[in-house]
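Dear colleague,

Please find below the structure that I am handing over to you. My findings follow it, grouped by topic.

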Amino acid sequence: MNFKTERRIALISVHGDPAIEFGKEEAGGQNVYVRNVGEALARLGWQVDMYTRRVSAAQDEIVQHMPNCRTIRFSAGPLEFVPRDELFGYLPEFVEKFLKFQQENGLTYELVHTNYWLSSWVGMQLKKKIGCKQVHTYHSLGAVKYATIDQKDIPPIAANRLDVECQLLETAERVVATSPQEKAHMRQLVSTKGNIDIIPCGTDIQRFGSVGRDEARAALKIDSDAKLVLYVGRFDPRKGIETLVRALRESKFYSDEKLRVIIGGGSVPGQSDGIERDRIEAIVDELGLRSITTFAGRLSQEVLPTYYAAADICVVPSHYEPFGLVAIEAMASGTPVIASDVGGLQFTVVPEQTGLLAPPQDVPAFASCIDRILENPEWRAKLGEAAKIRVRKKFSWDGVAEQLSELYIKLTEQPVPVPVPVPIPVPATATATASVTVTEKE
Ligand code: UDP
């Protein structure tokens with residue numbers, strides 16, 4: 001696409017750095033989404049600036065990914081990893097840094113695309129200060145998350161998050177739901193007001209699907225007749241890895257000497273993902289699965305296609321998933337997916353055609369799905385083939401970026417919005433950024 005005038009877009013992802021290694025703690029689908037959308041938009045002719053928080057002095061302040069696509073990191077709060085539930089107090093500083101950078105570099109953004117509720121707050125401030133328009137992708141909804149965790153685990157920031165998420169939906173020029181299921185949740189649990197478009201997440205269909213099964217098994221030294229079950233994702237109790245390992249204990253194939261399990265995902269000892277990995281390893285030991293299970297650690301995007309292609313099935317046992325990139329990566333690689341019957345997984349996985357769905361946390365149901373596919377290799381191959389075709393048709397990053405690009409152009413051609421009349425919540429923890437003046441009432 002060749003634009004007559006320069007078209008510049010800011011993608012804001014305060015806690016999900018698009019330039020970081022994927023698969024680490026708090027680095028997952030959002031990081032992958034922002035990076036791939038950014039790069040695909042640049043291929044379409046956009047000047048793309050992706051903004052995030054700098055978490056270490058060792059990190060570059062600017063990373064150039066390709067011509068017209070870069071990540072810009074601001075120091076807002078301490079130069080160290082801070083869990084996302086503790087970041088709200090540093091957002092005013094992030095807004096100030098953004099405005100300063102924009103001014104110093106002579107940049108003008110007619111539109112910002114924010115990601116996750118923290119960035120949505122930043123976007124709402126920018127709307128007031130620079131009169132830009134806002135597109136938002138939630139990635140996760142507080143109202144859904146808090147309904148699926150124990151009351152005691154609900155963090156103090158929850159009330160602010162719910163408030164911000166509601167105001168955002170009612171005031172953003174457009175909210176992007178990544179699946180019809182996510183849109184329905186927004187309407188049921190957040191607000192009936194506001195504009196929502198459905199534009200899915202995507203995947204790299206050149207990368208995933210590039211490796212054949214035999215080649216992949218040879219590379220990973222896995223026997224051609226092994227029954228290989230794969231999990232890929234973060235170590236987080238809500239990802240349901242426990243359901244998967246307990247289902248393998250109940251599977252008919254438990255005592256089959258050909259059964260193999262690979263659990264891929266990064267973790268840092270002592271951090272929340274390290275604690276979850278220790279818990280899963282203890283369950284694996286207790287169930288007698290240790291000798292057939294490999295904890296592969298963080299898998300880079302370069303090696304992931306080989307893992308997906310080698311697997312007989314990829315299991316996505318999440319308690320909830322607004323979209324679930326892993327499912328479409330596996331499908332693009334020709335591997336059927338057994339997933340929880342929730343959220344975006346109901347949109348991507350077509351039961352009996354590209355894989356199977358089971359109720360979340362239902363160990364016997366997952367065991368039965370695993371058995372059905374493992375005992376029928378011909379059906380497995382058919383499901384995998386159909387899965388690959390579905391992803392190629394519906395979920396490529398280039399297709400996603402084209403839809404977003406059309407939306408941005410449509411919105412920027414509309415008249416400038418009237419200022420937001422409602423007060424936006426102010427971080428109560430602004431003491432963390434005591435040197436920053438929060439100017440809410442402009
Ligand atoms: N991922 C990765 N290496 C790993 C584990 C995960 O690159 O070891 C990537 C995976 O390929 C996917 C993303 O992290 O693109 C996870 O996204 P998903 O939407 O499945 O889950 P989220 O992390 O957003 O909950």
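The model, which is predicted, holds 15 aromatic pairs. In one of them, Tyr33 and Trp397 meet edge-to-face, with 6.0 Å from centre to centre and 75 degrees between the planes. Since Tyr33 belongs to helix H1 (residues 29-43) and Trp397 to helix H15 (residues 397-412), this pair ties together parts that are 364 residues apart in sequence. Both partners are enclosed: the relative accessible area is 2% for Tyr33 and 5% for Trp397, so each counts as buried under the 20% limit.

Another pair, Phe235 with Phe295, is stacked, at 6.5 Å centre to centre and 25 degrees between the planes. Phe235 lies in the loop between strand S9 (227-232) and helix H8 (241-250), while Phe295 is in strand S11 (residues 293-297); the two are 60 residues apart, and their pair links distant parts of the chain. Phe235 is buried, with a relative accessible area of 3%, and Phe295 is likewise counted as buried, at 14%.

The aromatic residues also form a cluster, made up of Tyr51, Phe74, Phe94, Phe98, Phe101 and Tyr109. Two rings have a charged group over them. Arg84 is placed over the face of Tyr116, 5.4 Å from the ring centre. The charged end of Arg249 is located over the ring of Tyr254, at 3.9 Å from its centre.

Helix H15, which begins with Trp397, can be checked for its length. Its 16 residues, at 1.5 Å a residue, should span 22 Å, and the distance between its end C-alpha atoms is 22 Å, which agrees. Besides Trp397, the buried residues of H15 are Val400, Ala401, Leu404, Ser405, Leu407, Tyr408, Ile409, Leu411 and Thr412.

I turn next to strand S6. Why is strand S6 (residues 133-137) described as largely enclosed by the rest of the structure? Five of its five residues are buried, so the description follows directly. The burial concerns both faces: Lys133, Val135 and Thr137 lie on one side, and Gln134 and His136 on the other.

Strand S6 has pairing partners. Strand S5 (residues 111-115) runs parallel to S6 and is joined to it by five bridges; in one of these, Thr114 has His136 as its partner. Between these two strands the chain passes through helix H3 (residues 116-130), and the resulting β-α-β crossover from S5 to S6 is right-handed. S6 also pairs with strand S7 (residues 174-177), again in the parallel sense, over three bridges. Here His136 stands opposite Val175. His136 therefore has a partner in S5 and another in S7, and its burial places it among the enclosed residues of S6.

Finally, the cysteines. How many disulfides does a search of the whole structure find? The search finds zero. For Cys69 the reason is distance: the closest cysteine sulfur, that of Cys201, is 17 Å from the sulfur of Cys69, which is too far for a bond, because a disulfide requires the two sulfur atoms to be within 2.5 Å. Cys69 is buried, with a relative accessible area of 0%, whereas Cys166 is partly exposed, at 22%.

With kind regards

Notes: Residues numbered from 1 in each chain as written. Predicted model: local features only at pLDDT ≥ 70, side-chain atom pairs only at ≥ 80, totals over all residues. Heavy atoms only, no water. Buried < 20%, exposed > 50% of the residue type's maximum accessible area, 1.4 Å probe, protein only. Phe/Tyr/Trp six-rings, centres within 6.5 Å; stacked < 30°, edge-to-face > 60°. Helix = DSSP H or I, 4+ residues; strand = E, 2+ residues; numbered from the N terminus. Lys NZ or Arg CZ within 6 Å of the ring centre and 35° of its normal. Pairing = 2+ DSSP bridges. Right-handed = clockwise from strand over helix to strand, strands pointing away. Expected span 1.5 Å × (residues − 1).
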